[in-house]
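Here is a short set of exercises to work through with the model open beside you. Try each task on your own before reading the solution.

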Amino acid sequence: IIRVVITKLSGGTEEISATFTVGSLVLTPSSISEAMIKGSTRAITVQVSSPGQLTDVTASNVPSWASVTPSSGITSPGSFSILLDTSTVPVGSTVTAAVTFTSSLSGLSVSLPLSLQALDSGGSTDATLMVSGNADRSSAVPLAGAVLQDTSYVFLGNDGDVDVAAFYLNKPTTGSADQTEKHGPFDFAGTASNGNSGPWDLSSANDGTNIIRVVITKLSGGTEEISATFTVGSLVLTPSSISEAMIKGSTRAITVQVSSPG
């Protein structure tokens, strides 16, 4: 609020004020990109927050292949659901849009970019276990053959034909899963509310060789099992450091032992 005390030419004083908002609407996730089997649908929850409490946020510019629930009267902080529908999207095509969310009272506005690709029923992408050192899954590499030393982010890549993913660490798939993900992204350690991959601190893994198996229930029908074998640990040097005081001109050979998990 800004208040102004006015000294008037006609005499006396008067006070006026105006209340306003500084900030913006924030959506989590801030964008949505999905590859799905033709004819399938997927509902995604989006969190909305703002500098103050709002109850009048309305969605506009919603494409024909998506719907927003509720589309008006959205409360901030709160959430809404976006339903993506591939039934009208040609196989192999990718459609894009930007849904706008606006508060009629504060004037705050934000856009949510959408991208949707329709895949054929054969599942033109093959799910793969991937690992990244970053929560946003950037710079990911295949988990198979990887050596993990610190907190890691394990997830399914190429998940366009995945409906449900059940993860099993170092055990057969006949028992209880360590993690079951019923919508993408499919993260081994769960997915954070902001859409980031959950951190895995490696405490449940063995030093040395490990294997994660995933039983996938496919959108196109049926199930599939994939797996990746990887190593947890690091190179160890003994001694771990060398410090010597020697006569000028002399030499000394020191043997260092090196070991690793595998």
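**Exercise 1. A hairpin and its neighbour**

Task: In which sense do strand 10 and strand 11 pair, and over how many bridges? Then look for the turn residue with a positive phi and for the pairing of strand 10 with strand 6.

Solution:
- Step 1. Strand 10 and strand 11 run antiparallel, and nine bridges join them. Keep in mind throughout that this is a predicted model.
- Step 2. To fix the register, start at T102, whose bridge partner in strand 11 is S109.
- Step 3. Now inspect the turn. Five residues lie between the two strands of this hairpin, and G107 takes a positive phi near 85 degrees.
- Step 4. Turn to strand 6, which pairs with strand 10 in the antiparallel sense through four bridges. Here S60 has T100 of strand 10 as its bridge partner.

**Exercise 2. The nonpolar cores**

Task: Find the largest nonpolar core; which residues have the most contacts inside it?

Solution:
- Step 1. This core holds 26 residues, and F80, L84 and F101 have the most contacts inside it.
- Step 2. Next, ask where the core residues come from. At least two residues each are supplied by strand 4 (32–37), strand 5 (41–49), strand 6 (54–60), strand 7 (66–69), strand 9 (78–85), strand 10 (94–103) and strand 11 (109–119).
- Step 3. Strand 11 gives the largest share, with five residues.
- Step 4. Zoom in on F80. Leaving out residues up to four places away in sequence, F80 touches L27, I44, T45, V46, V48, V68, T69, P70, I74 and F101.
- Step 5. Another core, of 24 residues, lies apart from the largest one; L129, F167, F188 and V214 are among its members.
- Step 6. A word of background: nonpolar side chains tend to be buried together in soluble globular proteins.

**Exercise 3. An open sheet**

Task: Work out the strand order of the five-stranded open sheet; which strands are at its edges?

Solution:
- Step 1. The order is 14-19-18-16-17, and the pairing is mixed.
- Step 2. Strand 14 (147–148) and strand 17 (179–181) are the edge strands, as each pairs on one side only.
- Step 3. Within this sheet, look at strand 18 (residues 208–218) and strand 19 (residues 223–232): they run antiparallel and are joined by ten bridges. You can anchor the register at R213, whose bridge partner in strand 19 is S227.

**Exercise 4. Rings together**

Task: Describe the geometry of the F188 and W200 ring pair, and say why this pair ties together separate parts of the chain.

Solution:
- Step 1. There are four aromatic pairs by the rule used here.
- Step 2. For F188 and W200, the centres are 4.9 Å apart and the planes are at 75 degrees, so the pair is edge-to-face, the class for planes over 60 degrees apart.
- Step 3. Both F188 and W200 sit in the loop between strand 17 and strand 18, so their pairing ties together parts that are twelve residues apart in sequence.
- Step 4. Are the two rings buried or exposed? F188 and W200 are both buried.
- Step 5. Widen the view: ring pairs link F167, F188, W200 and F230 into a cluster.
- Step 6. Finally, find another ring, that of F155: R137 lies over its face, at 6.0 Å from the ring centre.

**Exercise 5. Salt bridges and their surroundings**

Task: How many salt bridges does a search of the whole structure find? Examine the partners of E34, K171 and R252, and sort the residues by accessibility.

Solution:
- Step 1. The search finds five salt bridges.
- Step 2. E34 and R42 form one of them, with 2.4 Å between the closest N and O atoms. Both of these residues are buried.
- Step 3. K171 meets D178 at 3.4 Å, N to O. K171 has a relative accessible area of 27%, so it is partly exposed, and D178, at 39%, is partly exposed too.
- Step 4. R252 and E244 form a salt bridge with closest N and O atoms 2.4 Å apart. R252 counts as exposed because its relative accessibility is 51%, on the far side of the 50% cut-off. E244, at 43%, is partly exposed.

**Exercise 6. A loop proline**

Task: Where does P90 lie, and what does P90 touch?

Solution:
- Step 1. P90 is in the loop between strand 9 and strand 10.
- Step 2. Its relative accessibility is 46%, so P90 counts as partly exposed.
- Step 3. Beyond residues up to four places away in sequence, P90 touches K38 and A118.
- Step 4. As a last check, compare P90 with S220: they are 130 residues apart along the chain, and 16 Å separates their C-alpha atoms.

How values were computed: Residues are numbered from 1 along each chain as its sequence is written. This is a predicted model: local features need pLDDT of at least 70, side-chain atom pairs count only at pLDDT 80 or more; totals for chains, interfaces and linings use all residues. Side-chain values use heavy atoms; hydrogens and water are left out. A nonpolar core is a set of buried Ala, Val, Leu, Ile, Met, Phe, Trp, Tyr and Cys residues joined through side-chain atoms within 4.5 Å. Buried means under 20% relative accessible area, exposed over 50%, partly exposed in between (1.4 Å probe, protein chains only). Contact means heavy atoms within 4.5 Å. Two strands pair if DSSP finds at least two bridges between them. Rings of Phe, Tyr and Trp (its six-membered ring) pair if their centres lie within 6.5 Å; planes under 30 degrees apart count as stacked, over 60 as edge-to-face and the rest as tilted. A charge sits over a ring if NZ of Lys or CZ of Arg is within 6 Å of the ring centre and within 35 degrees of the ring normal. A salt bridge is a side-chain nitrogen of Lys or Arg within 4 Å of a carboxyl oxygen of Asp or Glu.
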